[in-house]
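User: Hi! I've just opened this one and would love to walk through it with you. Mind if I throw some quick questions at you?

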Amino acid sequence: MIDTHCHLLYDGIHERLERVLAEARTAGVSGFVTIATTTSDAVRGAALAGAHHDVWCTSGIHPLHAADPISWEDMHRAAQHPKCVAWGELGLDNHYADPPAALQTSVLEEQLTRIAAWRNEGLIKPIVIHCRRAVPQLLPILRASGLPADRFVFHCFTETADDARAVLDFGAWISFTGVVTFRSAPEVAAAAKLVPDDRIMCETDAPFLSPEPVRGARPCVPAYVMHTGLFLAALRGTSFDAFERTVDANARRFFSLPESVGRAAITDSASRLA
Ligand SMILES: [Zn+2]
């Protein structure tokens, strides 16, 4: 399974990166998308992806890093790396009061404006959205950007089933972390049942949010994406094998990853029987 969202440069992972990647590969993880949260992180992420055949990267500014130094030139340059597969993560986080909502919003809007302009110049990528208690504020901003709705994924979805419906009606994708496995988050599991097969993805958000049954483990590592995948498959009444093929095909389609990464899609009943 492809871990579509992890932070390989964060403390707890980067200082023992080769071991973390090797253990994940042994567990069945075939690809990693390491997500930027600042523009300097984006530059380092591109270098890391360039050095590992199965790591891809993104470029963007997390809302909780809206007050950090920003280099638009670095954001643009990191995005031109051949292994940079998306913008992000960017969005709004109403769980924390700092940075203030006004600053989060202005950094989000400036990113979307620049992304739209770069898109017009031919630099076309999907967008990874961070959204915490902010669906009603975020959807109008994304709509106003004029960027195609089906090129957004709401990652680490922790909102309600009603919010999931609003995101799906907008036309975006939804991705789940270990939070969906928590007994304390039944609303997230309810949301995960709603998402159609062609708009769901799976991720760890490592080093955060270890899933059940390893919830106490620190840090969370990409190998644990298998636990979240098993949980989601059971929740959605499908086999792990079929679910893994579905989410890997989705990840390849959303991020334009090579056909060789992840499990092959089930193309016809004959190949399923073979
Ligand atoms: Zn993240």
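User: Let's start with a proline: where is the place of Pro-99?

Analyst: Happy to help! Keep in mind that this is a predicted model. Pro-99 sits in the loop between E4 and helix H4, which covers 101–120.

User: And what is the peptide bond from Asp-98 to Pro-99 like, cis or trans?

Analyst: That bond is cis, with omega near 0°. A cis peptide bond also joins Arg-218 and Pro-219, where omega is about -10°. Pro-219 belongs to the loop between E8 and helix H8 (225–235).

User: Nice, I'll check those. While we're on backbone angles, which residue just after H1 takes a positive phi?

Analyst: Gly-28 does, at about 115°. Arg-133 has a positive phi too, about 50°, although it is not a glycine. You'll find Arg-133 in the loop between E5 and H5. Ser-256 is another residue other than glycine with a positive phi, near 55°, and its loop runs between H9 and helix H10 (269–273).

User: Is Arg-133 buried or partly exposed? And what about Ser-256?

Analyst: Arg-133 is partly exposed, since it has 15 other C-beta atoms within 10 Å. Ser-256 is also partly exposed, with 13 other C-beta atoms within 10 Å. To be buried, a residue needs 20 or more.

User: Good to know. Switching to the sheet: what is the order of the strands?

Analyst: The order is E1-E2-E3-E4-E5-E6-E7-E8, an open sheet of eight strands with parallel pairing. E1 (2–6) and E8 (200–202) stand at the edges with a single partner strand each, so one side of each has no neighbour in the sheet. On average, neighbouring strands are turned by 30° against each other, direction ignored.

User: Does anything pack on it? I mean, which strands does H5 touch?

Analyst: Helix H5 (residues 135–145) packs on the sheet and touches E4 (84–93), E5 (127–132) and E6. The direction of H5 makes about 130° with that of E4.

User: Let's zoom in on E6. How many bridges does E6 form with E5, and how many with E7?

Analyst: E5 and E6 pair over four bridges, in the parallel sense. E6 (residues 152–155) and E7 (residues 173–176) are also parallel and pair over two bridges. Phe-154 is a handy landmark here: its bridge partner in E7 is Ile-174, and Phe-154 is itself the partner in E6 of Ile-129.

User: Which way do the E6 side chains point?

Analyst: Phe-152 and Phe-154 point one way from E6, while Val-153 and His-155 point the other way. These four residues are all buried.

User: OK, helices now. Which residues of H1 are buried, and which are exposed?

Analyst: In H1 (residues 17–27), Val-20, Leu-21 and Ala-24 are the buried ones. They fall within an arc of 95° seen down the helix axis, so they line one face of H1. Glu-18, Arg-19, Ala-22 and Thr-26 are exposed on the other side.

User: And helix–helix packing? At what angle do H6 and H7 cross?

Analyst: Roughly 35°, with the axes of H6 (residues 161–170) and H7 (residues 186–194) coming within 8 Å. The crossing is right-handed. H6 contributes Ala-161, Ala-164 and Arg-165 to the contact, and H7 contributes Glu-187, Ala-190, Ala-191 and Leu-194. By class, that contact has five nonpolar, no polar and two charged residues.

User: Last topic, a couple of alanines. Why is Ala-251 counted as buried?

Analyst: Because Ala-251 has 28 C-beta neighbours inside 10 Å. Ala-251 lies in H9 (residues 240–255). Leaving aside neighbours within four places in sequence, Ala-251 is in contact with Ile-2, Thr-4, Met-201, Leu-257 and Gly-262. Ala-251 and Gly-262 are 11 residues apart along the chain, and their C-alpha atoms are separated by 8.7 Å.

User: And Ala-46, buried or exposed?

Analyst: Ala-46 is buried, with 25 other C-beta atoms within 10 Å. You'll find Ala-46 in H2 (residues 39–50). Beyond its neighbours within four places in sequence, the contacts of Ala-46 are Cys-57, Ala-78, His-81, Lys-83 and Cys-84.

Conventions:
Residues are numbered from 1 along each chain as its sequence is written. This is a predicted model: local features need pLDDT of at least 70, side-chain atom pairs count only at pLDDT 80 or more; totals for chains, interfaces and linings use all residues. Axes are lines fitted to C-alpha atoms, for helices over the stretch in contact, and angles run from 0 to 180 degrees between N-to-C directions. A crossing is left-handed if the near helix is turned anticlockwise from the far one by less than a right angle, and right-handed if clockwise. Two residues are in contact if their C-beta atoms, placed from the backbone, lie within 7 Å. Ala, Val, Leu, Ile, Met, Phe, Trp, Tyr, Cys and Pro count as nonpolar, Asp, Glu, Lys and Arg as charged, and the others, Gly among them, as polar. A residue is buried if 20 or more other C-beta atoms lie within 10 Å of its own, exposed if 12 or fewer, and partly exposed in between; C-beta atoms are placed from the backbone. The arc is that of the directions from the helix axis to the C-beta atoms. Two strands pair if DSSP finds at least two bridges between them.
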